[in-house]
Amino acid sequence: MVEKQPVLNVIDEYLSKNDLKRAEVAIAKALRSDPLHENKAEILIRRARVRLLSGRPEDALDDLQAVRESQAHNETPGYLELLADCFLARFELAPLGFADRSWVSQAQQYYQQILDGFPDYTNAGWVWYQLGRIAVILDQVDLAIHRFHRSFLAPTTVQALTAFCYERLGFIAFYEKRDLTTALGFLNRAVDTYPASEPRGWLAQVHLRRSRVLRQMQNYSAALDAAEKALSMAMGSGEARSGLAETLITLAEILSSIGNRDREVIGHLQHFLQISKRPLGVDVTWSRVYEMLGDAYLNSGEYVLAVDAYRLALQFNPDHPWEASLQYRLAKGLYQTGSYAEAEQILSHIVGEMFSDNLMLSDYRVYELLGSAQFAQSKYETAIATYEKALSCDPPAANSDRIRTYLECARERLTG
């Protein structure tokens with residue numbers, strides 16, 4: 001067996017430690033010092049791997065094409081695997097609307113070429129796993145499950161492959177089968193089988209998915225625990241901010257569901273805003289963040305901040321599906337800041353928009369708040385009519401008594 005050149009050994013050592021920056025520096029140094037390096041093809045293959053792991057599949061494909069054109073490298077199963085991985089990543093990382101399904105077909109073709117031409121390939125388990133992921137993309141759920149099970153039985157050089165397969169099976173059970181118990185079981189196995197030596201960032205995503213499953217099962221304490229584990233691992237992983245941002249939103253949602261944790265909700269959402277790039281236009285995620293912030297501020301009595309947050313929630317999603325509810329909460333915050341005229345304007349708009357075939361809006365709370373905004377401006381006659389509408393909506397007894405008290409007070413003010 002021919003021993004590898006020292007430069008290849010150095011690069012491989014960095015790759016084994018997932019130290020991509022040092023690997024790239026070593027590769028650049030080797031190519032710069034000797035552009036006609038006798039191991040140039042091998043070096044380019046390693047640079048392609050570094051670029052793929054860094055999320056640059058286009059650049060990786062350029063390297064692999066240069067290797068192919070040099071005719072210095074036969075198409076070994078390792079080369080075909082890397083080529084297929086690049087095409088699949090190219091599809092998955094493409095901006096919304098720019099992904100080409102032919103890239104998935106090309107990846108599948110290269111993976112199949114490995115299985116057909118190299119039946120004893122030492123990393124066949126990874127090939128089956130990637131084919132399973134392709135089946136998920138193509139909505140071939142049963143085929144995906146079959147391929148992941150084949151991956152379990154095939155040889156592999158990827159230490160975390162068993163955990164990867166369990167995670168994908170958990171994904172399918174949750175999102176495709178809606179089988180929460182099975183999904184949680186697979187995700188727990190993914191956590192248990194993930195090697196301690198591997199980066200924690202991936203495990204953070206598994207805990208985040210566990211949190212979502214547990215939340216669907218209405219086990220909020222366990223969901224919170226899983227989300228906090230995800231946050232701890234995401235904070236310490238030094239990886240992309242997207243996973244951390246997603247975890248912060250999930251934590252805020254769980255804490256909002258539990259209730260009476262508004263300061264923690266605010267802290268997590270402010271952290272999200274600090275690490276995330278502000279979008280230029282409509283963005284439903286940012287709208288949801290500001291909506292939750294508005295609710296937490298409102299509950300905490302920080303009404304000015306609540307108003308600002310609700311305005312931004314509507315700005316980031318002008319077609320909000322629950323716009324009337326959001327507008328009502330905005331009006332509630334405005335009322336508490338003393339902006340009675342604006343609160344009245346918003347509530348009147350809600351009432352006007354909710355008319356359908358002369359049917360009156362049935363939520364007494366809108367009319368009660370509207371009446372209070374009118375009362376605060378000394379519009380007693382209008383307030384009386386609004387309070388009467390609130391009572392006609394048949395509110396609960398305690399609320400009815402309160403509204404009647406307001407109504408009588410408005411009548412007294414009107415008459416003198």
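Visitor: How many disulfides does a search of the whole structure find?

Guide: The search of the whole structure, which is a predicted model, finds 0 disulfides. To count as a disulfide, a pair of cysteine sulfur atoms would have to lie within 2.5 Å.

Visitor: What makes cysteine 86 and cysteine 165 count as buried or exposed?

Guide: Buried means under 20% relative accessible area. Cysteine 86 has a relative accessible area of 0%, so it is buried, and cysteine 165, also with a relative accessible area of 0%, is therefore buried.

Visitor: Why is alanine 324 called partly exposed?

Guide: The term covers values between the 20% limit for buried and the 50% limit for exposed, and because alanine 324 has a relative accessibility of 33%, it counts as partly exposed. Alanine 324 lies in helix H17, residues 323–336, and between its C-alpha and that of valine 50 there are 50 Å in space, with 274 residues separating the two in sequence.

Visitor: Why does glycine 78 count as partly exposed?

Guide: At 28% relative accessibility, glycine 78 falls between those two limits, so it counts as partly exposed. Glycine 78 has its place in helix H5, and its C-alpha is separated by 50 Å from that of isoleucine 258, which is 180 residues apart from it along the chain.

Visitor: How do you know whether asparagine 123, in the loop between H6 and H7, is buried or exposed?

Guide: The relative accessible area of asparagine 123 is 4%, which is under 20%, so this residue is buried. Leaving aside neighbours within four places in sequence, asparagine 123 is in contact with Glu81, Pro155, Thr156, Thr157 and Val158.

Visitor: What span does helix H6 reach, and what is expected of it?

Guide: Helix H6, residues 101–117, has 17 residues and reaches 24 Å from its first C-alpha to its last, close to the 24 Å expected at 1.5 Å a residue.

Visitor: Which residues of H6 are buried, and why are they said to be on the same side?

Guide: The buried residues of H6 are Trp103, Val104, Ala107, Tyr110, Tyr111, Ile114 and Leu115. They cover an arc of only 140° around the axis, and therefore they are on the same side of H6. An α-helix has 3.6 residues a turn, so residues three or four places apart point the same way. On the other side of H6, Gln109 and Asp116 are exposed, whereas the buried residues pack against helix H4 (57–70), helix H5 (77–93) and helix H7 (124–137).

Visitor: What makes H9 largely enclosed by the rest of the structure?

Guide: Of the 16 residues of H9, 13 are buried, and so this helix is largely enclosed by the rest of the structure. H9 reaches 22 Å from its first C-alpha to its last, close to the 22 Å expected at 1.5 Å a residue, and it is followed by arginine 178, whose phi is positive, near 55°.

Visitor: Which residues have the most contacts inside the largest nonpolar core, and which helix gives the most to it?

Guide: The largest nonpolar core has 90 residues, and Phe148, Tyr290 and Leu347 have the most contacts inside it. Helix H9, residues 161–176, gives the most to this core, with 10 residues. A second, separate core has 45 residues, including Ala26, Val50, Leu52 and Ala84.

Visitor: Which residues is leucine 347 in contact with?

Guide: Leaving aside its neighbours within four places in sequence, leucine 347 is in contact with Tyr328, Ala331, Val366, Leu369 and Leu370.

Terms used. Residues are numbered from 1 along each chain as its sequence is written. This is a predicted model: local features need pLDDT of at least 70, side-chain atom pairs count only at pLDDT 80 or more; totals for chains, interfaces and linings use all residues. Side-chain values use heavy atoms; hydrogens and water are left out. Helices (H or I, at least four residues) and strands (E, at least two) are DSSP runs, numbered from the N terminus. The expected span of a helix is 1.5 Å times one less than its number of residues. Buried means under 20% relative accessible area, exposed over 50%, partly exposed in between (1.4 Å probe, protein chains only). The arc is that of the directions from the helix axis to the C-beta atoms. Contact means heavy atoms within 4.5 Å. A nonpolar core is a set of buried Ala, Val, Leu, Ile, Met, Phe, Trp, Tyr and Cys residues joined through side-chain atoms within 4.5 Å.
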